[in-house]
Every structure is written in structure tokens, then in C-alpha cells.
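Work through the following exercises with the sequence and the model at hand. Each task is followed by a solution in steps.

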Amino acid sequence: MLRVEGVRTFYGPIEALRGVDIEVRDGEIVTLVGANGAGKSTLLMTICGTPHAAQGRVLFDGRDISREATHLIIRAGIAHAPEGRRIFPRMSVLENLQMGALAANAYHFEEDLRRVFVLFPTLASRRDQRGDTLSGGEQQMLAIARALMSRPRLLLLDEPSLGLAPMIVKQIFRILRDINQTMRTTILLVEQNAFHALRLAHRGYVMVNGRITLAGTGQQLLANREVRAAYLEGGH
């Protein structure tokens with residue numbers, strides 16, 4: 001479904017991605033783990049066209065989207081829930097979901113709304129509540145639900161567990177599994193919580209300083225000594 005081939009991305013003179021190659025197959029959950037500043041968020045933003053790759057290619061269903069505008073990439077079937085939630089704080093839950101649905105056919109809106117309210121029943125009970133009055137976990141659920149309203153085939157998630165209580169983290173990861181299995185949505189997940197992310201993922205990559213240094217199944221990376229020492233030791 002998605003192939004990133006030799007991608008290099010710059011912020012001015014700073015090279016953030018240094019020849020990145022990854023693949024995400026249809027129906028998979030693929031996770032990308034690494035330390036802060038490794039380039040994980042930059043990769044997701046590059047896939048979405050902000051910024052564009054300076055070199056290399058981003059292919060979606062065989063189509064080169066490396067130079068396409070972000071709104072065209074979204075319409076092609078990719079949605080991005082960025083780090084920090086970034087909901088519209090003064091809008092209600094329903095209005096946030098309406099914004100997410102702008103890239104989808106309006107004919108499906110009510111069906112899609114029912115679908116995300118089944119996944120996130122808390123949002124259903126708060127549909128008229130302003131986004132900035134929600135808890136952190138509820139805001140994260142809203143960010144994911146808003147992305148789903150565009151009917152993506154590929155969902156990009158950036159640090160969905162960041163700053164959340166352990167019980168909410170487990171709930172978010174259960175929902176991600178449901179999204180993948182019941183909605184057949186392919187997921188590329190950036191996550192510092194390597195234990196939960198690799199348990200969830202079919203496959204994973206490790207990024208260090210803008211480069212992919214390791215790849216394998218989720219279980220292989222969980223068992224890898226380097227990964228355990230860098231990202232898993234000291235508890236989950």
C-alpha cells in the first residue's frame with residue numbers, strides 16, 4: 001500500500017530524514033519506534049506532503065505522491081492524527097468530526113458518525129461539548145475519530161499514548177486493534193511506548209537519527225536485545 005523509498009527531508013540545512021525506506025502492506029499495523037528527535041514525526045509529515053521529500057519517493061498504491069499537495073493526499077485515502085491531538089478546542093465534538101469528514105463523501109456522514117461513536121462511546125455522550133473541556137484521553141479519542149471520518153485506507157498516528165494514564169493507554173491500543181480488524185484500516189503508528197506498540201504491530205521499524213536501523217515483526221523486535229536495552233528496560 002505505502003512505500004517510502006530513499007526519502008531525505010530537510011528543515012533548512014538540517015537533514016531530518018537520511019534515506020528512509022519503509023513499507024506498509026494493506027491490512028497491517030506497522031509501528032515506528034525511536035527516541036525523541038529521531039525523525040519519526042517528520043516521516044509522517046513527509047508522507048502527508050508537509051514538508052515534501054527533498055529526495056526519494058513516497059508511493060501510495062503505486063502512485064507517486066511525493067510532490068502532491070496535502071489535501072490531495074488526504075483525498076487519496078491517507079489520514080493523519082498528529083502528535084499533541086490538535087483538535088479544534090472551541091468547536092464541539094460533533095463540529096470536530098464534521099471537519100474530519102470534509103474529505104469524504106457527505107452521503108456517508110451519518111453512517112461514519114455512528115461508526116466512530118460505537119468505537120468511542122464517550123464521544124457520543126459528549127457530542128455537543130467543546131473540545132477544550134474534554135480530558136486528555138477524550139481529546140486523543142476525538143483526534144483519532146476525526147481522522148477516521150475521512151474514511152482513510154491508511155491511518156497515520158503520531159504518539160497516541162503521549163501524556164495519558166496507563167488505563168487510558170491500554171484502552172487506546174485496544175481501540176486501534178479494533179480499527180484495524182473491524183474497519184480493515186491499515187495503520188502506521190509512531191509511538192514511544194515501544195512495549196504496547198510492538199505487541200500491537202504486525203511489523204515494526206526502529207529509527208535512529210533519521211535512519212532506519214532495524215526492522216522485523218513486532219515479536220522479533222520485542223525480543224531483540226538492542227531494542228530491549230534502548231526502549232524496553234526499566235518497565236513497560
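**Exercise 1.** Determine whether L189 is buried or exposed, and describe its surroundings.

Solution. Step 1: the relative accessible area of L189 is 0%, so L189 is buried; buried means under 20% relative accessible area, exposed over 50%, and partly exposed in between, with a 1.4 Å probe and protein chains only. The model is a predicted one, in which local features need pLDDT of at least 70 and side-chain atom pairs count only at pLDDT 80 or more, while totals for chains, interfaces and linings use all residues. Residues are numbered from 1 along each chain as its sequence is written, and side-chain values use heavy atoms, with hydrogens and water left out.

Step 2: L189 belongs to strand 8 (residues 186-190). Helices (H or I, at least four residues) and strands (E, at least two) are DSSP runs, numbered from the N terminus.

Step 3: list the contacts, meaning heavy atoms within 4.5 Å. With neighbours within four places in sequence set aside, L189 touches V30, T31, L32, L157, P160, F173, L176, A197 and L200. V30 is 159 residues from L189 in sequence, yet their C-alpha atoms are 6.1 Å apart.

**Exercise 2.** Establish the strand order of the open sheet and place strand 3 in it.

Solution. Step 1: six strands make up the open sheet, in the order 6-7-8-3-9-10, with mixed pairing. Two strands pair if DSSP finds at least two bridges between them. At the edges are strand 6 (78-81) and strand 10, each of which pairs on one side only. From one strand to the next, the twist averages 15°.

Step 2: go through the parallel pairs. Strand 6 and strand 7 run parallel and are joined by four bridges; A81 is opposite L157 of strand 7. Strand 3 pairs with strand 8 in the parallel sense, over four bridges, and T31 has L189 as its bridge partner there. Strand 3 also pairs with strand 9 in the parallel sense, again over four bridges, where L32 is opposite Y205.

Step 3: check how strand 3 is covered. Five of its five residues are buried. I29, T31 and V33 are on one side and V30 and L32 on the other, and both faces are covered.

Step 4: add the helix. Helix 1 lies across strand 3 (29-33), strand 6, strand 7, strand 8 and strand 9, and runs at about 150° to strand 7. Axes here are lines fitted to C-alpha atoms, for helices over the stretch in contact, and angles run from 0 to 180 degrees between N-to-C directions.

**Exercise 3.** Find how many salt bridges the whole structure has, and examine the pair of R57 and E5.

Solution. Step 1: apply the criterion, a side-chain nitrogen of Lys or Arg within 4 Å of a carboxyl oxygen of Asp or Glu. The search of the whole structure gives 14 salt bridges.

Step 2: R57 and E5 form one with an N to O distance of 2.9 Å. Because R57 lies in strand 4 and E5 in strand 1 (residues 2-11), the pair ties together parts that are 52 residues apart in sequence. Both are partly exposed, R57 at 37% and E5 at 22%.

Step 3: look at two further pairs. In the salt bridge of E23 with R25, the closest N and O atoms are 3.9 Å apart; E23 is partly exposed at 25%, and R25 is partly exposed at 40%. For E68 and R63 the closest N and O atoms are 2.7 Å apart. E68 counts as buried at 17%, whereas R63 is partly exposed at 39%.

Step 4: trace shared partners. R3, E5, E23, R25, E28, R57 and R203 are joined into one network by salt bridges that share partners.

**Exercise 4.** Locate the backbone features at P51, R151 and N209.

Solution. Step 1: the peptide bond between T50 and P51 is cis, with omega about 5°. P51 sits in the loop between helix 1 (40-47) and strand 4 (55-60).

Step 2: R151, a residue other than glycine, has a positive phi near 60°. Its loop runs between helix 6 (136-148) and strand 7 (154-158), and R151 is partly exposed at 31% relative accessibility.

Step 3: N209, also a residue other than glycine, has a positive phi near 50°. N209 lies in the loop between strand 9 (203-208) and strand 10 (211-217), and at 53% relative accessibility N209 is exposed.
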